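Reader: I would like a close look at a single part of this model, taken slowly and with its surroundings kept in view. Please choose one place where two chains come together and follow it outward from there.

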Amino acid sequence: MSVLEVTNLLKTYRGTTAVNGISFSLGKGEIVGLLGPNGAGKTTTIHMLLGITLHNGGSIRYFGQDFVTHREESLQRMNAASAFNTLQGRLTVRENLLVFAELYLLKNPKKKIDELLARFEMTEFAHTLYWSLSSGQRTRVNLIKSLLNDPEILLMDEPTASLDPDIADKTLSLVEELKRERELSILYTSHNMAEITRICDRVIFLDRGNIVAHDTPQNLTKRISTTTLRLTVADGGGGLRRYLEERKQSYTSVGDSVVEILTEESRIPEVLFGASHIGATITDIEIKKPTLEDVFLQIARTSV
Amino acid sequence: MSVRRIYAVLMQEFFLALHTLEIFVDSFIFPLLSVIIFGLISLYLIGSDETIAAQYILLGMILWQVIWVISYSVATGSMWNIWSKNLSNMFVSPLTVSEYMSAHFISGCAKAVLLLVIANAVSMVMFHFSVLSIGVPVLVLTFIVFAAFAFAVSIAVLGLIFRYGTRIAALSWSLITVFQPLAATFYPLADMPHLLQYVALLLPPTYAFEAARYSLVQGEIAWSMLGMGFALDAVYGVACVLLFRQLFRNSRDTGQFARNES
């Protein structure tokens, strides 16, 4: 069952098309990644889905209801977290959360705030002014704010941008936990392909306002059939290079002792067997399978 | 409209005022200093047998603070959220624009009442003049005329800022002062230059200031003046609400609303 249905969503600015009639859905308990290069239309799409930018055409339906005519009901059941928006810097963490708890008409605001502060290990910062927090702490407070109303849908716009790897990892673990525990549906934008691969069930690639790919991360990486086999050889690799040239196998030399071979994944055993057969002394083998980043780069470069 | 969401914005206003020295200074210290300075000028005028002129100046200055503080509270109140990149957060909650604006209006009126009480106390102690000399009914009625005008101007200014960006943010605290000399704040309308009288006649506060002075001197309520003030307020109110709605819509349509915080 879809909790969000986007149909032919269109946004133009003075004749320039920012989002060109895109359609997609978000299922209950599903995490969908929205990817694309700068200017692809990701943020504009998120802004339209939140109602702070108006769309020129198409429709947005949350829980089966039109967003334009049911704005308040829809927003009551969802929330958003973005690295680009902060809370009121001159208020303490608790004061900010109290304001939002009231905005979402929470029945027992103080209890909910205390629970979330404890869960995110932010209790000791409850009375600290928001602007004096570190970026990691701010992100955690933004996430607390976005979970105050127990949302069924969460729109996350690059929530881990500017976080150090440790905090980013904790944030992702939390997102995974929320998905498991509460069947939370999440639309997630990020430039970090590893993050997207880790948490998203489906990925939508946007480019210049159009959806250019839409699939699971695994299926998307299958679009690239070649794998890079990186061999480190002890004897300088002369024999190995000759062997590859005889077999018309393309390769790249990285220094004297490393050879990178671009081949189909299924042919890797054959190449390794051949190298061993000619007596090459292989000291290290590294197989680099295509990642979502490779797919992203391929799509971005193709479109340019 | 949800009372709790209005309360939420009021709570934010309260917390913000607690932590922000600028709000305290702009809303209370500067206005009180103005009252004191103008009170001292009025003392000088009393010394030169211009008692009524002195009272006009002090009365005008105290009443002007109602317009100033409501305008400042409504227009600049939103700027604090834009500067903190928090306004979008507020509007991706179920909060509606009318709830948000109502809260800021209530907050502005509360500050205006508080300021009026303090300014009047200062005036009574230092200059032996009370704004209550015009009578409580006239004070209440003029307060309403001033509050409605200040709110109308502020939402128009906010609409312009939402639409054209924070580069014109200075309008939020400066535009209202343009009306001070034009609205016969400190002097009777009849004593203004002829051409400016036509401009003054188009402004609701002019009629409220005239009514306040009339009541001070005659001890009676100038109903026709106050009526004109209310009628013009209604015109300004409708025009400014429509203007705000259009500008706010344009701001969301062009993406400027989101860009204001980027």
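Author: What follows is a walk through one contact between helices of two chains, with the chain around it described at the end.

The model is a predicted one, and a convenient place to enter it is Val9(B), a residue of helix H1 of chain B, which covers residues 3–19. Val9(B) counts as buried because its relative accessibility is 0%, under the 20% cut-off. Leaving aside residues up to four places away in sequence, Val9(B) is in contact with Met90(B), Leu95(B), Tyr100(B), Ala103(B) and His104(B) from its own chain, and with Leu103(A) from the other. One of these partners, Leu95(B), lies 86 residues away along the chain, yet the C-alpha atoms of Val9(B) and Leu95(B) are separated by 9.2 Å.

The touch on Leu103(A) leads to the helix that carries this residue, H3 of chain A, residues 93–103, whose axis lies 7 Å from that of H1(B) at an angle of about 165°. Since angles over 145 degrees count in this way, H3(A) and H1(B) are therefore roughly antiparallel, and the crossing of H3(A) with H1(B) is left-handed. From H3(A), the residues that take part are Glu95(A), Leu98(A), Val99(A), Ala101(A), Glu102(A) and Leu103(A), while H1(B) contributes Arg4(B), Arg5(B), Tyr7(B), Ala8(B), Val9(B), Met11(B), Gln12(B), Phe15(B) and His19(B). Sorted by class, this contact holds nine nonpolar, four charged and two polar residues.

H1 of chain B also meets a further helix, H4(A), whose buried residues pack against H1 of chain B as well as against H3 and helix H5 (135–147) of chain A. H4(A) runs over residues 109–119, and its buried residues are Pro109(A), Lys112(A), Ile113(A), Leu116(A) and Leu117(A). Viewed down the axis of H4(A), these buried residues fall within an arc of 130°, so they line one face of the helix. An α-helix has 3.6 residues a turn, so residues three or four places apart point the same way. Lys110(A) and Lys111(A), by contrast, are exposed on the other side of H4(A). After H4(A) comes Glu121(A), with a positive phi near 55°.

As for the chain that holds H3(A) and H4(A), chain A has eleven helices and 14 strands, and its C-alpha trace spans about 75 × 50 × 35 Å along the principal axes. Of the 304 residues in chain A, 52% are buried. Among contacts in chain A with a separation of 6 or more, 69% join residues 24 or more positions apart.

Notes: Residues numbered from 1 in each chain as written. Chains lettered and ligands numbered in written order. Predicted model: local features only at pLDDT ≥ 70, side-chain atom pairs only at ≥ 80, totals over all residues. Heavy atoms only, no water. Helix = DSSP H or I, 4+ residues; strand = E, 2+ residues; numbered from the N terminus. Buried < 20%, exposed > 50% of the residue type's maximum accessible area, 1.4 Å probe, protein only. Contact = heavy atoms within 4.5 Å. Axes fitted to C-alpha atoms, helices over the stretch in contact; angles between N-to-C directions. Parallel < 35°, antiparallel > 145°, perpendicular 65-115°, else oblique. Left-handed = near helix turned anticlockwise from the far one by under 90°. Nonpolar A, V, L, I, M, F, W, Y, C, P; charged D, E, K, R; others polar. Arc of directions from axis to C-beta.
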